[in-house]
Amino acid sequence: MKTIRTSIIGFGAVGQGVAKVILSKNEYLNNMGIDLRVVAIADSKTAVIDENGLDLSAVLARKLEQGSVGSENIGGTEIIKTVEHDLVVEITPTNINDGGVGLGNMIAAFEKGMDVVTSNKGPLALKYCELEEMAKNSGSQFKFEATVGGAMPIINLASETLAGNKILSMEGILNGTCNYILCRMMEENAPYDQMVAEAQELGIAETDPIYDVEGIDTACKLVILANAIFGMNATYKDVSVTGITKITPEALLLAQNNGYDIKLIGEVNGSKINVSPKLVPKDNPLAVGGTLNVASLQTDISGPITITGRGAGSIETASAILSDIISIYKD
Amino acid sequence: MRVSMDLELKDIPGQLLLVLKPISDFKGNLVTVVHHHEKRTPRGTIPVQVVFEIKADKLDDIISKFEESGVSVVSVDEKRYLEHGTVILIGHIVHTDIQDTIDKMDETGCAELVDLNLSMPKIDCPSSACLKIDAVNKEELNLVIELLKKIAVEKDLLVIEPIESELRV
């Protein structure tokens, strides 16, 4: 049995999802020869540390009751620097402007030669190559399947399962919020504002939805895919971005009458990285509804490969984090 | 463009070659050949239908070659536009000189707007339009959509084009 001491830095919805998944999959992990021991958890204000392994149920209960994980006044970066462990699960809120605390946490982890698994897009969209380089130099494993498409395993699919194929291009729907809004506008023949309000009420869209609806979130994910799958040296400024705010119900109706849906499509094709609303034939595998995500990879020997799945949600994102952890430590 | 021809051949050996060779010589791409040997005409000739793709300016040369070699051309049906594309536009489509937008697309000569469906819900609100474009081939269809995107930037319109896999050559 291999003991992996890990920290969970960031304990919002996804962080709690990770704790729940580790709890429920404990036996499964043990059968794979992995003893995953969470030694530290930090949220935005507090932290809890136990080098012998934390009681995750107790931490989850305390977070639910009191809104904080513990009483220790120590930040995530401090934990990485001072508490002896092997793996940092970095899930602080994403920051696309400067990478936020997540970037500092990843750098601190690599400086200590620790492995990092993350769902935090911001640092990767800004500094992918630098982070990859640091991880390589320190001998750290760096996995980030959860940054793109939630439960949908696109990065590992391209890099491992489809080994031997050259991936020629990719197009897909990488933002469930936009997909929900466009689907509902089409179904109800309703204006954009009304369906954004509905999505906010259901918790599908944020109070400030700009990050999703202007295509910024999709663009960040494309940058990660362009680097991780296509070996490009791309950053956010290389993406041309058009969001869905100008889409009218009339346009959706016209599209529908001609056999099309309008979807916010992200694509990486040659050197072009592009996010824009596009016409998707109703019988095309990309025409998925609701909050689903979908991606189609064009490969040289396997032809097109399309996967779809839940692109968001705490347990779904946690599942991608778990699969990354297993892929690092399984024998 | 794609051409469909009804021909009549003499019932002697080697006649089909007189049809196929000029098509090949002028770099045409043969799609189908149907040789109706059992439907001999009262004139004793054999009807043959051929469909091929050819550059528009080479068609007359091919027909001349057929006539020179005694192949009689009964009918010629050309279909210039092989590709059909759909694009949606959103914005002040009419007030930004819709005639100019259409003319610029048609002027390319290789593609043209064949259908326009316009929805104008309220004065001062953006309109939405569905454009159907016919083009000689996928390359030209892509070019005319690129042109439309350029025009759209100038006129502050949003172009919603088909996904890449639909337009792939």
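Which residues of helix α7 (residues 154–161) of chain A are buried? They are A:I154, A:I155, A:N156, A:L157 and A:A158. Keep in mind that this is a predicted model. Below is a quick tour of some helices in chains A and B, followed by a handful of single residues.

**Helices α7 and α13 of chain A**

- The cover over the buried residues of α7(A) includes four strands of chain A, namely β6 (142–143), β7 (167–173), β11 (292–299) and β12 (303–310).
- Two helices of chain A, α11 (216–228) and α13 (314–329), are also part of what covers those α7(A) residues.
- Now for α13(A) itself: this helix has 16 residues and spans 23 Å from first C-alpha to last, close to the 22 Å expected at 1.5 Å a residue.
- Plenty of names turn up when you look for buried residues in α13(A), among them A:E316, A:T317, A:A318, A:A320, A:I321 and A:L322.
- Further along α13(A), the buried residues include A:D324, A:I325, A:I326, A:I328 and A:Y329.

**How two pairs of helices pack**

- A handy bit of background: two packed helices are described by the angle between their axes and the distance between the axes.
- In chain A, helix α8 (residues 176–188) packs with helix α12 (residues 249–257) at an angle of about 80 degrees, and their axes are 9 Å apart.
- Because angles of 65 to 115 degrees count as roughly perpendicular, that is the label for α8(A) and α12(A).
- On the α8(A) side, the meeting residues are A:L182, A:M185 and A:M186, and on the α12(A) side they are A:P249, A:L252 and A:Q256.
- Sorted by type, the residues of this α8(A) and α12(A) contact come out as five nonpolar, one polar and no charged.
- Over in chain B, the axes of helix α3 (residues 98–106) and helix α4 (residues 138–155) come within 10 Å and cross at roughly 155 degrees.
- Angles over 145 degrees count as roughly antiparallel, so α3(B) and α4(B) get that description.
- The crossing of α3(B) past α4(B) is right-handed.
- From α3(B), B:D100, B:T101, B:K104 and B:M105 meet B:V144, B:L147, B:L148, B:I151, B:E154 and B:K155 of α4(B).
- That α3(B) and α4(B) contact splits into five nonpolar, one polar and four charged residues.

**Two residues with positive phi**

- Most residues other than glycine have a negative phi.
- A:N189 has a positive phi, near 50 degrees, and sits in the loop between α8 and α9 (192–201) of chain A.
- A:N189 is partly exposed, with a relative accessible area of 48%.
- B:K27 also has a positive phi, near 60 degrees, and lies in the loop between α1 (15–25) and β2 (29–35) of chain B.
- With a relative accessible area of 73%, B:K27 is exposed.

**Two more spots in chain B**

- Look for B:P126 in the loop between β6 (111–119) and β7 (127–135) of chain B, where this proline is partly exposed at a relative accessible area of 34%.
- Setting aside neighbours within four places in sequence, B:P126 is in contact with B:I90, B:G91, B:H92 and B:P121.
- B:P126 and B:L59 are 67 residues apart in sequence, and their C-alphas are 45 Å apart in space.
- B:D103 belongs to helix α3 of chain B and is partly exposed, with a relative accessible area of 32%.
- B:D103 and B:E161 are 58 residues apart in sequence and 19 Å apart in space, C-alpha to C-alpha.

Notes
Residues numbered from 1 in each chain as written. Chains lettered and ligands numbered in written order. Predicted model: local features only at pLDDT ≥ 70, side-chain atom pairs only at ≥ 80, totals over all residues. Heavy atoms only, no water. Buried < 20%, exposed > 50% of the residue type's maximum accessible area, 1.4 Å probe, protein only. Contact = heavy atoms within 4.5 Å. Expected span 1.5 Å × (residues − 1). Axes fitted to C-alpha atoms, helices over the stretch in contact; angles between N-to-C directions. Parallel < 35°, antiparallel > 145°, perpendicular 65-115°, else oblique. Left-handed = near helix turned anticlockwise from the far one by under 90°. Nonpolar A, V, L, I, M, F, W, Y, C, P; charged D, E, K, R; others polar.
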